[in-house]
Amino acid sequence: MTIDLHRLALDAIDHAADELALDGWIRSSLVQPERSLAVQVPYVTDDGEIRIVPGYRVAHSTARGPAKGGTRFHPEVTPEEVAGLATLMSVKTALMDLPLGGGKGGVTIDPKELSELELESLTRSYTRAIAGNIGPDRDVPAPDVNTSERHMDWIADEYARIVGRPSPAVVTGKSLPAGGSLGRDTATAAGCRAVILESAERLGLPSDARVVVQGFGNAGAHLARMLQADGLRVVGLSDSRGAVHHPQGLDVVAVSATKRVHGSVVHHPGVELVSPRDLLALDCEILVPAALEGVIERPEAEAVRARLIAEAANGPCTPEADEVLVDRGITIVPDVLASAGGVTVSCFEWEQNLRGERWSAAQVAERLASKMATALHELWHVADARALPMRTAATVLGVDRIATALEERAGLAVDELAS
Ligand code: NAD
């Protein structure tokens, strides 16, 4: 099911603003982006033709620091979607207590139809078009759907040419030689692992709890491997071709090898094949959706047998499913927290670039685990104190922090007028 992310983000903020009894001007500031830029992105094709596609960069909030958020290249990118995703990023960075705001960017194009040279031309042109709005202390892009470290390296290089000096902190998710951070590739999985282990302990789950992971890509595959190394049993896995089950636990490393060689987890020997829907209803303690949005609707929510759901994917539960899960007493670690490892290590990369430092993989891992655990404990506190479901509490905590920063700024502005 497709989810209207912008609508969802605005509804969640409205709800949080009610809970916090926020003033009118703060509400207005939260529901509309601070800065929205729509640009033409011309690029040169391999035949020497010039084509123009639309591009966007939205800074939803810089109340707590420079805007931060990914850049997606996709044929269905719209200004509304970019604004919605930028709004969610503001909540996410505030919930994680990072010194950053929220932003997002995109270009409406199918990058799979472009050659490498065309992609580079497009990315550099997009950088020139948005250069006035980005910068290490203004708005810091990162990778998102269909963009990766090579796109980020092009952005950093083009921006350096424009400003006339190296400026690696303008963008994160770069390659290591270009100033990227160690631990970035496994950051989302490592962050999700940290909140799963903390939550499992709080819920009193066994140390060899059974886990089902839907999606075996960047987030899901690393996470499944990490959890198995932690002693948990990964009893179910899936990718876009199907799902596999083994009640005693799958060998995740071996399944990865099967996928690498044969293209899918379904070719792994000695496992039971199950339907994608049955995967979500397998007997287990922990369920991790790490694939697509909107995969858990009401019927799936009624069938879930896990006690804990950690949303590594963005928006995997529909609002109706969410209600069912909350009513059934299933604990949800919402996407804004469970998938926040990526933006947290992005923040570490930005900090390393600004200070001219290089942190070791162990330093990154330790700081990430500590940030995730702190955010989870703060979230539990808000959820318990206000008797709210975790998802609502997460928005309330994030919005409260943004509102406090806005109030402080307004206070300064009033002081200036008075003096
Ligand atoms: P990916 O493309 O690397 O992997 C996606 C996986 O999902 C693939 O294994 C694919 O086969 C599988 N899949 C696709 N359709 C499926 C279906 N119908 N049923 C089961 N599996 C299916 O993507 P990713 O980077 O791992 O991202 C996954 C989710 O995590 C997305 O929602 C993304 O927004 C979110 N996320 C990722 C990151 C990150 O750093 N990678 C950060 C934050 C959030």
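Modeller: Helices here are DSSP runs of H or I with at least four residues, strands are E runs of at least two, and both are numbered from the N terminus. This is a predicted model, where local features need pLDDT of at least 70, side-chain atom pairs count only at 80 or more, and totals for chains, interfaces and linings use all residues. Residues are numbered from 1 along each chain as its sequence is written, and side-chain values use heavy atoms, with hydrogens and water left out.

Colleague: Okay, what makes Gln 214 count as buried or exposed?

Modeller: Gln 214 has 10% relative accessibility, and buried means under 20% (exposed is over 50%, partly exposed in between; 1.4 Å probe, protein chains only). So 10% puts Gln 214 in the buried class. You'll find Gln 214 in strand β6, residues 210–214. Beyond its neighbours within four places in sequence, Gln 214 has contacts (heavy atoms within 4.5 Å) that include Ser 238, Leu 279, Val 288 and Val 295.

Colleague: And how do you know which class Gly 294 belongs to?

Modeller: Gly 294 is at 3% relative accessible area, so by that cut-off Gly 294 is buried too. Gly 294 sits in the loop between β10 (286–289) and α10 (298–303).

Colleague: Why is the crossing of α6 and α13 called left-handed or right-handed?

Modeller: The crossing is right-handed, because that name goes to a near helix turned clockwise from the far one by less than a right angle (anticlockwise would be left-handed). The axes of α6 (187–203) and α13 (341–355) come within 7 Å and cross at roughly 115 degrees. Touching there are Ala 187, Thr 188 and Gly 191 of α6 with Gly 341, Gly 342 and Val 345 of α13.

Colleague: What makes the largest cavity a cavity?

Modeller: On a 1 Å grid over the protein atoms alone, a 1.4 Å probe fits at a cavity's points but cannot get out. The search of the whole structure finds one of 30 Å³ or more, and the largest holds about 40 Å³, so 40 clears that 30 Å³ mark.

Colleague: How do you know which residues line the largest cavity?

Modeller: Lining residues have an atom within 4 Å of a point. For the largest cavity, that gives Ser 29, Leu 30, Glu 34, His 60, Ser 61, Ile 402 and Leu 406. Helix α2 (24–31), strand β2 (50–61) and helix α15 each supply at least two of the lining residues.

Terms used
Axes are lines fitted to C-alpha atoms, for helices over the stretch in contact, and angles run from 0 to 180 degrees between N-to-C directions. On a 1 Å grid over the protein atoms alone, a cavity is a set of points where a 1.4 Å probe fits but cannot get out, and a pocket is an open set with protein on both sides within 12 Å along at least five of seven lines; lining residues have an atom within 4 Å of a point.
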